[in-house]
Amino acid sequence: MKLIFAIVHDEDAGRVTDTLNSAEFSVTKLCSTGGFLRAGNTTLLIGVEDNLVDSVLEIIERNSNKRTECLRYPIPSGSLYIPSSKEVEVGGATIFVTSVERFEKV
C-alpha cells in the first residue's frame with residue numbers, strides 16, 4: 001500500500017478531488033500554504049494499493065494546471081522603494097509517494 005501526498009493549487013483542488021472521488025479514490029483534504037508565494041494550497045492524502053498509484057498520479061496531473069501570475073515586490077533605492085513585478089509560474093502539483101507499513105480504518 002502507498003500513501004500519496006499531493007500538494008495542489010487551491011484553484012485546482014476541487015477539480016482534482018472531485019475527479020479522484022468519481023474514480024472511487026478516497027481523499028483527505030488539508031489546507032496548506034506555500035512557502036515561496038505564500039499562496040493557498042491544498043494537500044491531499046490518498047491511500048491506495050501499489051497497482052493504483054499511476055492511475056491517481058494521472059488524475060492529479062490532468063487536473064492540476066500550471067499558470068503564470070504576476071509577483072509584485074518592492075526594490076529598495078536609497079530611502080525609497082520602487083515597485084517592481086515579475087511573472088512566475090504557479091500551479092501544477094508536488095507529489096510524494098511513500099510506502100505504508102500498516103493501515104487501519106476504525
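Where is S64 found? S64 sits in the loop between α2 (53-63) and β4 (66-77); helices (H or I, at least four residues) and strands (E, at least two) are DSSP runs, numbered from the N terminus.

Before going on, a word on the model. This is a predicted model, in which local features need pLDDT of at least 70 and side-chain atom pairs count only at pLDDT 80 or more, while totals for chains, interfaces and linings use all residues. Residues are numbered from 1 along each chain as its sequence is written, and side-chain values use heavy atoms, with hydrogens and water left out.

Here is how three residues compare in place and exposure. Buried means under 20% relative accessible area, exposed over 50%, and partly exposed in between (1.4 Å probe, protein chains only).

| Residue | Place | Relative accessible area |
|---|---|---|
| S64 | loop between α2 (53-63) and β4 (66-77) | 10%, buried |
| R15 | helix α1 (residues 10-22) | 34%, partly exposed |
| E24 | loop between α1 and β2 (28-33) | 74%, exposed |

Let us stay with S64 for a moment. Leaving aside residues up to four places away in sequence, S64 touches V8, D12, V16, G92 and A93, where contact means heavy atoms within 4.5 Å. The side chain of S64 also reaches the backbone oxygen of I60 at 2.8 Å. That is a polar contact, a pair of N or O atoms within 3.5 Å; within protein, one must be able to donate a hydrogen and the other to accept it, and residues adjacent in sequence count only if both atoms are side-chain atoms.

Now to R15 of helix α1. With residues up to four places away in sequence not counted, R15 touches N63 and N65. A polar atom of the R15 side chain lies 3.2 Å from the backbone oxygen of N63.

R15 and N63 also belong to the contact between the two helices, made by D12, R15, V16, T19 and L20 of α1 and V56, I59, I60, R62 and N63 of α2. Helices α1 and α2 pack at an angle of about 145°, with their axes 9 Å apart. Axes here are lines fitted to C-alpha atoms, for helices over the stretch in contact, and angles run from 0 to 180 degrees between N-to-C directions.

Finally, what is the phi of E24? E24 has a positive phi of about 70°, although it is not a glycine. Most residues other than glycine have a negative phi.
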